[in-house]
Amino acid sequence: MSIDTAVVHEAPALTLNDNENMALELLAAHLSSLSPGLVDDARWVAAARELSCDIPLRLRQTLRRFSWDAGPEAMLLLRNLPIQPGALPGTPNAKNSVQRAATVPASVLALIGFALGEIVSFREEKSGALVQNVVPVPGMETFQGNAGSITLNMHVENAFHDFRPDYVGLLCLRNDHDNVAALQISSIRLALGLLAERTRAVLHEERFITAAPASFGKAAGGGEPHGILSGGAEDPSIKVDFESTTPLGSDAKRAMAELGEALKAVRRDLVLAPGDLAFADNRLALHGRNSFVPRYDGNDRWLQRVFVHQNLRRSRAWRPENGQVLHGN
């Protein structure tokens, strides 16, 4: 199936009206002004968690519905968020770029993330920063990760990890010069009906191994064999990375290939505009990106990313001092 057959109609979305935009901007500006003005500081995190209760009502309601059931698309698109484009600096282009300072966009992302659950990060990835920059980096064009600009293969975020995110949020500050870079999201809920019964059965079997992604900065073992699908047969969760998951045997290889075609058939391509925030339910959806051409002139594509857990207690043994950062992989 060619890329031209990807789904391109409107995604489930909420567009903030002008009053909601202004209210959220005032709240984010207040949060960004609080001492010490650092996203990863525990005091700032506590303030963001408290203030997340004050985001506009329609936004809170939408996030609550999404946290209950992500729907067949397993994604949500929020639009017209305040990012103060005139105040943005040049797009960073350093490897492992993160957002430490509490800017208005980072505050918007934190407020919404904490309204959805608990923002977390992984020490081995982007030095454990809670808000991470997704930007092209010179010399890393072919990298299979957020620093690259070639096609990013479809994947569940940190699929290898027992405590991978429940949600991945991507806030657009700038798109690429040609406005062609698209976030691609594909839901197993839509793809499941395209799979043969035998294929589904194989995908539930422990015939696959998934290694840590390149973004973790080192080659890691693949761990124990696992099923790509798990849970209820009629509505399974999915765990796969088409760059890092290896099928064990010919049946598993065929099943994974059929799954890839089904996911491609139902994929959405979303060209995000500045102020758009897309959340993918990482238990039900894969995401990726098509290729684009960066110019490294300060105006390249710039997304900011957060990971969210619904149940923070589950990973307590991995988080020293009950913080937000998971240690170990």
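## Aromatic pairs

In this predicted model, the count of aromatic pairs comes to three. One of them is formed by F66 and Y167, whose ring centres lie 5.4 Å apart, with 40° between the planes. This geometry places the pair in the tilted class.

The pair of F66 and Y167 links distant parts of the chain, since the two residues are 101 residues apart. F66 belongs to helix α3, which covers residues 57–68, while Y167 belongs to strand β6, which covers residues 167–174.

## The enclosed cavity

Strand β6 also takes part in the lining of the largest cavity, as do β7 and β13 (277–281), each with at least two residues. A search of the whole structure finds one cavity of 30 Å³ or more, and the space in the largest cavity is about 40 Å³. General practice explains how such space is found: a probe the size of a water molecule is rolled over the atoms and shows where empty space is left.

The lining of the largest cavity consists of V168, L170, L183, I185, A278, F279, A280 and H287. Strand β13 gives the most to this lining, with three residues. By class, seven of the lining residues are nonpolar, one is polar and none is charged.

## The largest pocket

The largest pocket holds about 350 Å³ of space. Its lining is made up of 26 residues, and those nearest the centre of the pocket are G145, N146, L152, H155 and E157. Two or more lining residues come from each of the strands β5 (152–155), β14 (285–289) and β15 (302–309).

The lining of the largest pocket is mixed in class: nine residues are nonpolar, ten are polar and seven are charged.

## The second largest pocket

The second largest pocket contains about 270 Å³ of space. It is lined by 14 residues, with N153, M154, Q184, K264 and R267 lying nearest its centre. At least two lining residues are supplied by each of β5, β7 (183–187) and α7 (250–265).

In this second lining, six residues are nonpolar, six are polar and two are charged. Strand β5 thus appears in the description of both pockets, giving two or more residues to the lining of the largest pocket and at least two to that of the second largest pocket.

## Packing of helices α2 and α4

Helix α2 spans residues 42–51 and helix α4 spans residues 104–116. The two helices pack at an angle of about 60°, and their axes are 8 Å apart. Their crossing is right-handed.

On the α2 side, the contact is made by W44, V45, A48, R49 and L51; on the α4 side, it is made by A106, S107, A110, L111 and F114. The residues of this contact divide by class into eight nonpolar, one polar and one charged.

## Backbone features in two loops

The loop between α1 (18–33) and α2 contains P36. The peptide bond that joins S35 and P36 is cis, with omega at about 5°.

A further backbone feature concerns N96, a residue of the loop between β2 (75–79) and α4. The phi value of N96 is near 60°, which is positive in a residue other than glycine.

Technical notes. Residues are numbered from 1 along each chain as its sequence is written. This is a predicted model: local features need pLDDT of at least 70, side-chain atom pairs count only at pLDDT 80 or more; totals for chains, interfaces and linings use all residues. Side-chain values use heavy atoms; hydrogens and water are left out. Axes are lines fitted to C-alpha atoms, for helices over the stretch in contact, and angles run from 0 to 180 degrees between N-to-C directions. Helices (H or I, at least four residues) and strands (E, at least two) are DSSP runs, numbered from the N terminus. A crossing is left-handed if the near helix is turned anticlockwise from the far one by less than a right angle, and right-handed if clockwise. Contact means heavy atoms within 4.5 Å. Ala, Val, Leu, Ile, Met, Phe, Trp, Tyr, Cys and Pro count as nonpolar, Asp, Glu, Lys and Arg as charged, and the others, Gly among them, as polar. On a 1 Å grid over the protein atoms alone, a cavity is a set of points where a 1.4 Å probe fits but cannot get out, and a pocket is an open set with protein on both sides within 12 Å along at least five of seven lines; lining residues have an atom within 4 Å of a point. Grid points are joined across faces, edges and corners, and a volume is the space filled by probe spheres set on the points. Rings of Phe, Tyr and Trp (its six-membered ring) pair if their centres lie within 6.5 Å; planes under 30 degrees apart count as stacked, over 60 as edge-to-face and the rest as tilted.
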